[in-house]
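Good morning, and thank you for coming. Please take a moment with the sequence and the structure before I begin.

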Amino acid sequence: MTVEATTERVLRLLALLQRRPSWTAGELAAELGVTDRSVRRDVERLRAVGYPVHATSGVGGGYQLGAGTRLPPLLLDDEEAIATAVSLRLASGGTVAGAGEAALRALAKLDQVMPARLRAEVRAVHGATETLVGPGVEIDAELLVTLARACRDLVRVRFRYPGRDGGERERTVEPVRMVTTGRRWYLMARDVDRDDWRTFRLDRMSEVVATTWRFRAREHPDPVAYVQRSVTGSPYRYLARVRVRAPAERVRELVPPQVGRVEDDADGWCVLTVGGDGLDWLAVQVARLGFEARVLEPPELREAVALLARRLATMAGTGPAPGNT
């Protein structure tokens, strides 16, 4: 086999090791079309040039690319390179503290080595995309890394979090997934002391520590749906359910996921669930959608809607002043 072919195969091996956490020798041999012995030789070649490839024996053993003193070059295929470049461009205006500058540095390095044909595709995508960034809360990047590792490694996390009375308490949780709405970051986790699922805002966490206590994965609600239910309902004084005469997809275009939850209903209707601290505000938000609607609950919202209708009729000069009979 030529030196060029061997080099190409070693680079393919490195790409495979970067693709997932662990491989057996047999799996790598099958992917590369070589023998287990050739895989072992190629692993030694990678180690010789500074790549920390770890090997474990026995059942479940295999090869794993470890962390070195420097970040090794990433081997990306065309689709991965385009996705990474586009993501870095978007991250330059994100809500992760310090990520904007770091994303620009990484993008500059990637753009320098990217083939011209891929660079043109990335710039075409970016040129055709506008990002609407609303007011958000910046999250420390180290916190995201800590929680992401805890979710991946199934280890408990301990932190302080404010309660409803305003006082902070220590919480110990088994993290499942982080969810971002674009404005805020949330963690869905099982609260160990309360033995129930909870949603936590990352910007309200303090003194976050990943423990060494591992936990066994268990069945859990869908993280995105669970967080959406939590953020659209629990923080508010009133939780309204309104039947709207419009396709659910159309209403979702008007109601952001962090504001309300939209579910399909029969005969061209959908049900909107939205929270708010004031009944008047809820009535106005539903009315401004511009669709026929029916309040399902709470009863107080029906009264607020009726009062709003009388006020609007008075403003238009077609009805008596509110409170007059």
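I begin with D265, which is partly exposed, at 36% relative accessibility. In this predicted model, the side chain of D265 forms a salt bridge with that of R243, with 2.6 Å from N to O. This pair links distant parts of the chain, for R243 belongs to strand β10, residues 238–244, while D265 lies in the loop between β11 (260–264) and β12 (270–276), 22 residues apart. R243 is likewise classed as partly exposed, with a relative accessibility of 24%.

Salt bridges can also share partners, and R156, E174, R190 and D195 are joined into one network in that way. Across the whole structure, the search returns 21 salt bridges.

Let me turn to another of these pairs. R9 and D42 meet through their side chains in a salt bridge of 2.5 Å, N to O. Here too the link is between distant parts of the chain: R9 sits in helix α1, residues 3–19, and D42 in helix α3, residues 36–48, with their positions 33 residues apart. Are R9 and D42 buried or exposed? R9 has a relative accessible area of 9%, and is therefore buried. D42 has a relative accessible area of 0%, so D42 is buried as well.

Helix α3 also holds a salt bridge of its own, between R47 and E44. The distance there is 2.6 Å, N to O. Because R47 and E44 are three residues apart in helix α3, about one helical turn separates them. R47 counts as partly exposed, at 31% relative accessibility, and E44 as partly exposed, at 45%.

Next, the cysteines. In general, a disulfide is a covalent bond between the sulfur atoms of two cysteines. How many disulfides does the structure hold? The number is zero. As for individual cysteines, C151 counts as buried at 17% relative accessibility, and C270 counts as buried at 0%.

I now come to helix α11, which covers residues 299–315. With 17 residues at 1.5 Å a residue, α11 should span 24 Å, and its end C-alpha atoms are 25 Å apart, so the expected and modelled values agree. Which residues of α11 are buried? They are L301, A304 and L308. Viewed down the axis of α11, these buried residues fall within an arc of 60 degrees, which means that they line one face of the helix. What covers them includes strand β10, together with α10 (279–287) and β13 (293–297). Strand β10 is also the element that contains R243, the partner of D265 with which I began. After α11 comes G317, whose phi is positive, near 75 degrees.

Finally, a word on S87. This residue is found in helix α4, residues 78–91. Its relative accessible area is 43%, so S87 is partly exposed. Along the chain, S87 and L107 are 20 residues apart, and their C-alpha atoms are separated by 9.3 Å.

To review the main points: R243 and D265 are joined by a salt bridge, as are the buried residues R9 and D42. The structure has zero disulfides, and the buried residues of α11 line one face of that helix. Thank you for your attention.

Definitions and conventions: Residues numbered from 1 in each chain as written. Predicted model: local features only at pLDDT ≥ 70, side-chain atom pairs only at ≥ 80, totals over all residues. Heavy atoms only, no water. Salt bridge = Lys/Arg side-chain N within 4 Å of Asp/Glu carboxyl O. Helix = DSSP H or I, 4+ residues; strand = E, 2+ residues; numbered from the N terminus. Buried < 20%, exposed > 50% of the residue type's maximum accessible area, 1.4 Å probe, protein only. Disulfide = S-S within 2.5 Å. Expected span 1.5 Å × (residues − 1). Arc of directions from axis to C-beta. Contact = heavy atoms within 4.5 Å.
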